[in-house]
Structure formats: structure tokens, C-alpha cells
Amino acid sequence: MEKEITGVMVYYYQVCHRKLWYFYHEIQMEQNSDQVKIGKLLDENAYSRDDKHINIDNVINIDYIRTKKVLHELKKSRKIEEASILQVKYYLYYLLKKGAIGITAKIDYPLLKQSVEVSLSEEDVVEIEKILANITKIIKEEIPPPFRKMAICKACAYHDLCFI
Ligand code: SF4
């Protein structure tokens, strides 16, 4: 059965197509990653007064919503901000398709005490639809996309798999 394209998959698409393929094919090594442990710790301790983890259709997983029309995504660093923004735009896109109009978002960096506002433009909608088509193409491949060494590989949970 075909799985839905989730927010995490959109994030991985922006980070590395090979990572996206591994993730989709359930080669999951993230639980061993220290980076993920830090993320979980941060998530448990930040913004404890808010409603957290609003899962919609197992496709998008909103970290928390503070006011009615603003959803929040927690990140620990601004290193891969482009991917975080795309992930959150996908949340807004998904909600828009479900009829939720006028929603905006914020990416919060509690460790940096910063946040970035995100909204969805008409151009974003066109771009996201192109990206979703690309994601479908990548995950349907029999083998992962070719390995390309990048700075982020050092912190990637699939590092050992790619650098054998
Ligand atoms: S180690 Fe590098 S190439 Fe391999 S999946 Fe991770 S980011 Fe992609």
C-alpha cells in the first residue's frame, strides 16, 4: 500500500534525496542518533504549557498550537532552516487542502531564543505540488539515489550506511 507523503519526508527531500529514500523504505536508524535525542529532550522541556503534538492523518505532526491560527514547529538549530521552512509550508499546504484557510506558522528555536514566521503563498503551493511529484518519483525507485558527500553527512543517522 502506498504511504502518504509526510512532513518529515518533505523535510528529508530538501536535506538529501537519498535520506528520503532510506526513510521511506523504513531503513530507520534515527533512534541511535544523538541529534535526535537532543531534539526529543528539547521537545519534552520546551513550551510545556502548550498543547503539543497534534497529529493530522499521520501526515503532519504539529509540535504545538498556541493561538488558534498559528502552528509552531520546534527546531534546535537554524542549520537546515530551508528544509524546516519547506516542512512547515507543507503543513500549511496540507491544512489548506483540508479547508483550513488563513493559518500561519512559526518555527521556534528555544535554544537560540529565536523564531521565524512562515506563511504560504500561491507560488509556494505550485512549488510544493512540484516537490510532491518529485518525492513520489524518488520513493518509487528500486534503489536509493546516488551518494553525494555533503557537510550534513557527518550528523546524519544514515552516515554509516553511506560511508561503508
Ligand atoms: S549520509 Fe549524507 S548522503 Fe547519506 S543519507 Fe545522510 S545526508 Fe544523505
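User: Helices are DSSP runs of H or I with at least four residues and strands are DSSP runs of E with at least two, both numbered from the N terminus. Which element gives the largest share of the lining of the largest cavity?

Analyst: This is a predicted model, in which local features need pLDDT of at least 70 and side-chain atom pairs count only at pLDDT 80 or more, while totals for chains, interfaces and linings use all residues. Residues are numbered from 1 along each chain as its sequence is written, and side-chain values use heavy atoms, leaving out hydrogens and water. On a 1 Å grid over the protein atoms alone, a cavity is a set of points where a 1.4 Å probe fits but cannot get out, a pocket is an open set with protein on both sides within 12 Å along at least five of seven lines, and lining residues have an atom within 4 Å of a point. Two elements, helix 2 (17-24) and helix 6 (159-162), give two or more residues to the lining of the largest cavity, and the largest share, three residues, comes from helix 2.

User: What volume does the largest cavity have?

Analyst: The whole structure holds one cavity of 30 Å³ or more. A volume is the space filled by probe spheres set on the grid points, which are joined across faces, edges and corners. For the largest cavity, this volume is about 100 Å³.

User: Which residues lie nearest the centre of the largest cavity?

Analyst: By class, the lining has ten nonpolar, one polar and three charged residues. In this scheme Ala, Val, Leu, Ile, Met, Phe, Trp, Tyr, Cys and Pro are nonpolar, Asp, Glu, Lys and Arg are charged, and the others, Gly among them, are polar. Of the 14 lining residues, those nearest the centre are Cys16, Arg18, Cys153, Cys156 and Cys162.

User: Against which helices do the buried residues of helix 2 pack?

Analyst: Buried means under 20% relative accessible area, exposed means over 50%, and partly exposed lies in between, with a 1.4 Å probe and protein chains only. Six of the eight residues of helix 2 are buried, namely Arg18, Lys19, Leu20, Trp21, Tyr22 and Tyr24. These buried residues pack against helix 1 (7-15), helix 5 (122-140) and helix 6.

User: Is His17 buried, exposed or partly exposed?

Analyst: His17 belongs to helix 2 and is one of the residues lining the second largest pocket. Leaving aside residues up to four places away in sequence, His17 is in contact (heavy atoms within 4.5 Å) with Tyr12, Ile138 and Pro145. Its relative accessibility is 33%, so His17 counts as partly exposed.

User: Which helix gives the most to the lining of the second largest pocket?

Analyst: The second largest pocket has a volume of about 170 Å³. Two elements, helix 1 and helix 2, give two or more residues to its lining, which has seven nonpolar, two polar and two charged residues by class. With three residues, the most comes from helix 1.

User: With which side chain does the side chain of Glu81 make a polar contact?

Analyst: Glu81 is in helix 4 (residues 81-97) and, at a relative accessible area of 18%, is buried. A polar contact is a pair of N or O atoms within 3.5 Å; within protein, one must be able to donate a hydrogen and the other to accept it, and residues adjacent in sequence count only if both atoms are side-chain atoms. At 2.7 Å, the partner of the Glu81 side chain is that of Tyr109.

User: What is the relative accessibility of Gln87?

Analyst: Gln87 is also found in helix 4. Beyond its neighbours within four places in sequence, Gln87 is in contact with Gly7, Val8, Val10, Tyr11, Glu73 and Lys75. Gln87 counts as buried because its relative accessibility is 3%.

User: Which residue of strand 3 stands opposite Tyr64?

Analyst: Two strands pair if DSSP finds at least two bridges between them. Strand 2 (residues 60-65) and strand 3 (residues 70-74) pair in the antiparallel sense over two bridges, forming a hairpin with four residues between them. Opposite Tyr64 stands His72.

User: What value is phi of Asn58 near?

Analyst: Most residues other than glycine have a negative phi. Asn58 lies in the loop between strand 1 (51-56) and strand 2, and is exposed, with a relative accessible area of 61%. Its phi is positive, near 60°.
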